[in-house]
Amino acid sequence: MTLADLSTGQHARITSIDTSQPGVVRLMVLGLVEGTIVKHLHAAIGGDPLELELMGTALSVRREQARHFEVEPFGPASEIRP
Amino acid sequence: MSQLQEVAVSIEDVGIRRRPRTRLAVIGTPNAGKSTLFNRLTGLRQTTGNFPGVTVERHTGLARLGDITLELEDLPGIYCLSGVSADERIAVDAMLGRLGNRGAPQGLLVVVAATHLYQGLYLLEQLLELQRPTLVALTMVDAARAQGIEIDAAALSEQLGGIPVCPVATTSGLGLEDLREQLKHMEQWTPPVLPASWPEFSLRAQQLADEAGATTVRADVQEALLHPGSHAEATVATRFPTGMLETERQALFGAEPPRAVEARRRYRWSRETVEAVQQRSTVARRLGQRVSDFVNRPWPATLLFFLTLILVFQAVFSWATPLMDGIDGATGALVGWVQAAVGEGALGSFLADGVIAGVGSVVIFLPQILILFLFIIVLEDTGYLARAAFLMDSIMRRVGLSGTSVIPMLSSFACAVPAIMATRTIPDRRDRFATILASPFMTCSARLPVYALLIAAFVPTASVGWFNLQGLVLFGLYLLGIAGGLLTALLVKGTALRGPKPLFSLALPEFRRPNMQTVLIKLWDRAKVFLKRAGTVIFVVAVLVWGLAYFPRMSETEFQGDPASPQSMEHQFAAAQLEQSYLGRMGKQIEPVFKPLGWDWKISSAVIAGFPAREVVVAIMGTLYAVGPEADEDSLAGRLKAASWPDGTAVFTLPMVLGLLVFYALCLQCAATVAVIRRETNSWRWPIFAWTYMSVVGYVGALLVYQLGSRWF
């Protein structure tokens with residue numbers, strides 16, 4: 001499963017990253033590295049780009065890049081949504 | 001460099017040597033509250049100028065701290081030292097003393113947001129490796145507290161090897177006194193030790209630097225290793241055996257990109273440090289957060305974005321009217337008073353028709369322009385522009401750009417000059433240049449005077465459904481500008497600037513209350529720029545045009561009027577006088593070029609004279625029609641309505657006016673924009689292209705509207 005497959009409100013831990021893909025390193029510089037926990041917040045109209053929460057900061061990420069981040073989701077979306 | 005510039009630079013050097021002043025670079029991640037802190041510390045003692053010797057804009061301010069004064073240098077926000085955008089290069093180069101000839105600043109004031117400690121520490125650890133006197137301002141502690149985040153500043157300072165950490169809340173002023181006190185005693189700051197985040201890398205870089213010789217510094221070696229092809233690599237590569245850096249890279253990073261390995265290593269340290277110093281408690285979600293959660297959903301967010309834009313344009317017109325009427329009244333009174341005091345001779349005409357009518361007709365738009373800037377500045381300061389970039393990314397992708405280009409394009413609605421400078425945040429050169437070419441199409445505040453004048457005078461006030469026809473025409477012009485810009489981006493991205501698909505990644509700051517001081521300082525800056533233009537470029541052009549239109553004088557005895565004409569003898573004399581003036585003769589020469597657009601020689605001359613600054617056109621029309629036969633009418637709009645061809649038909653017909661508006665919407669009539677494109681692209685090719693291209697597009701657009709319009713109506 002990748003970062004692009006999370007549903008709204010779902011949490012996940014990043015497990016591995018394909019660093020050879022374009023734009024991936026720039027996201028890593030913003031803090032998306034292995035071991036961090038992200039939450040899928042929203043998406044723009046059309047479902048792209050995504051808005052993710054990482055350590056209290058909201059990040060905008062395109063699906064195209066999000067696909068290169070393998071994640072391990074935890075907690076169903078319904079449990080976390082208010 | 002010219003000799004004159006050299007002299008200017010050396011004079012500045014002497015001035016600096018006479019009064020040595022400690023200089024600190026203010027550096028931090030984007031949206032960390034850096035500018036607000038900078039404004040708090042320096043107040044109005046700020047200057048914007050160039051780095052000596054190079055044309056890169058710098059922003060400095062003086063912080064008065066009792067008996068000592070520090071010079072603070074406000075640098076663009078960065079996430080790391082190895083960024084690739086122009087902005088990131090400027091920040092890093094300025095901090096390392098590579099820009100200009102003043103050397104590196106003596107110390108660093110690092111701004112770390114308590115709400116974004118994770119990213120802030122990532123930058124901080126790289127800055128600590130520079131081993132320069134460093135003070136950390138931990139900003140937004142109040143905003144963090146509201147989110148249930150409490151940071152132990154003393155523990156953080158300990159984690160960082162004892163360097164001073166000052167928690168501050170710039171909105172309430174909490175902690176500012178402590179920060180000022182610390183700034184006074186730079187010599188007592190604990191010097192930074194190498195952080196434990198990536199010791200094998202910094203130690204290896206140090207070894208290599210030592211081997212290469214005394215002139216090689218570790219920071220350059222680190223940058224060379226992390227960034228193949230960088231300036232630093234070019235500098236240090238010659239000091240090592242061929243291929244050695246590549247071998248080192250292999251050993252340190254394996255097959256992965258160096259910066260990926262760097263991010264992984266450093267962020268681990270950053271995360272551990274955050275966990276050690278940060279207490280997180282669940283707080284009741286405040287109403288504000290619930291509201292922002294709702295409006296950040298896709299549809300509400302997009303709807304809100306367009307509503308905001310509509311509100312802005314509405315406000316520009318409705319709020320400004322009373323103020324504009326006030327300025328109009330004052331200008332009229334001044335003209336009357338000057339005419340009464342000086343008389344109607346050449347001097348009276350010069351003051352009343354040249355200076356006051358010319359400059360006054362531009363100054364009248366100050367309220368509108370300031371309201372527009374106020375909105376853009378507030379949107380910027382609340383962090384909303386980043387949200388707009390997020391929402392518009394998918395649209396921008398279709399024209400080959402990304403959401404990052406939306407921020408400069410939105411600023412272009414106020415003025416293309418700061419917008420083109422704001423493109424520095426776009427990492428890819430081709431995307432940046434495409435945005436630079438698209439930005440001048442957006443309807444800037446200087447186009448408003450022309451639009452407002454012509455629409456108010458010639459578009460009927462009829463209503464179309466719920467909307468006012470005048471408002472719709474204005475809205476259409478805005479759309480035309482947007483379409484022109486986006487199509488241009490599409491065109492150049494498909495041809496000359498073809499490249500890989502642009503990337504988009506951005507931190508979205510949470511909504512914050514705008515800081516009034518920051519807003520007012522920026523607004524005042526814009527007002528100064530506008531008034532300076534009115535007082536210099538516009539003044540000079542208005543006076544020049546008045547002179548050309550007033551001389552040579554014709555004597556009344558030479559004049560042979562036509563008593564049979566419907567116009568009075570006085571009018572005929574004024575018209576003949578204007579036509580045989582220098583301007584009239586020149587205008588007649590160029591009239592054939594613009595005749596297909598339905599323009600007479602007066603409009604043609606006004607448009608030509610408007611190429612240095614488009615708002616000048618209103619000033620020139622003010623002057624031309626004040627000395628011409630239409631001068632009896634009270635307002636400029638009335639005078640335009642009275643303008644006629646020799647056969648008595650009106651010059652300003654609806655198709656002609658709409659064509660003129662289209663010309664204005666599409667043309668690049670702004671020397672300041674041309675100059676800033678030259679500076680930012682570092683070549684004459686792009687400004688010349690932009691100017692020629694936009695002029696042709698404007699002419700053809702106006703031609704089509706006039707020719708088709710005249711046939712249909």
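These are my notebook entries on how chains A and B meet in this predicted model, on a sheet they share, and on one helix pair in chain B.

**Entry 1: confidence in chain A.** I began with the confidence values, and found that the mean pLDDT of chain A is 88, with 90% of its residues at 70 or more. Among the elements of chain A, I noted the highest mean pLDDT, 95, for β1(A) and the lowest, 45, for helix α3 (residues 77-80). Over residues 77-82 of chain A the pLDDT is below 50, although this stretch has nine contacts in the model beyond near neighbours in sequence. I keep in mind that where pLDDT is low, the predicted coordinates should not be read in detail.

**Entry 2: where the chains touch.** I then looked up the contacts between the chains, in which 35 residues of chain B meet 30 residues of chain A. On the chain B side, the elements that give two or more residues are α4 (117-128), α12 (258-277), α14 (298-318), α18 (384-398) and β12 (505-508). The largest share of that side, seven residues, comes from α12(B). When I sorted the residues of this side of chain B by character, they divided into 20 nonpolar, eight polar and seven charged.

**Entry 3: the shared sheet.** Following β12(B) further, I found that this strand pairs in the antiparallel sense with β4 (residues 57-61) of chain A over four bridges, and that L508(B) is the bridge partner of A58(A). The pairing belongs to an open sheet of six strands, which I read in the order β5(A)-β1(A)-β2(A)-β3(A)-β4(A)-β12(B), with antiparallel pairing. Its edge strands are β5 (69-74) of chain A and β12 of chain B, each of which pairs on one side only. Neighbouring strands of the sheet are turned by 40° against each other on average, direction ignored. Towards the other edge, β1 (residues 11-17) of chain A and β5(A) pair over six bridges in the antiparallel sense, with F74(A) as the bridge partner of H11(A). I also saw that α18(B) packs on the sheet, where it touches β3 (50-54) and β4 of chain A as well as β12 of chain B, and that its direction makes about 140° with that of β12(B).

**Entry 4: a helix pair in chain B.** Last, I checked α23 (residues 469-494) and α30 (residues 654-666) of chain B, whose axes come within 9 Å and cross at roughly 40°, which means that α23(B) is oblique to α30(B). Their crossing is right-handed. The contact is made by L477(B), L480(B), G481(B) and G484(B) of α23(B) with L661(B), V662(B), A665(B) and L666(B) of α30(B). These contact residues divide into six nonpolar, two polar and no charged.

Note on methods
Residues numbered from 1 in each chain as written. Chains lettered and ligands numbered in written order. Predicted model: local features only at pLDDT ≥ 70, side-chain atom pairs only at ≥ 80, totals over all residues. Contact = placed C-beta atoms within 7 Å. Nonpolar A, V, L, I, M, F, W, Y, C, P; charged D, E, K, R; others polar. Pairing = 2+ DSSP bridges. Axes fitted to C-alpha atoms, helices over the stretch in contact; angles between N-to-C directions. pLDDT = per-residue confidence, 0-100. Parallel < 35°, antiparallel > 145°, perpendicular 65-115°, else oblique. Left-handed = near helix turned anticlockwise from the far one by under 90°.
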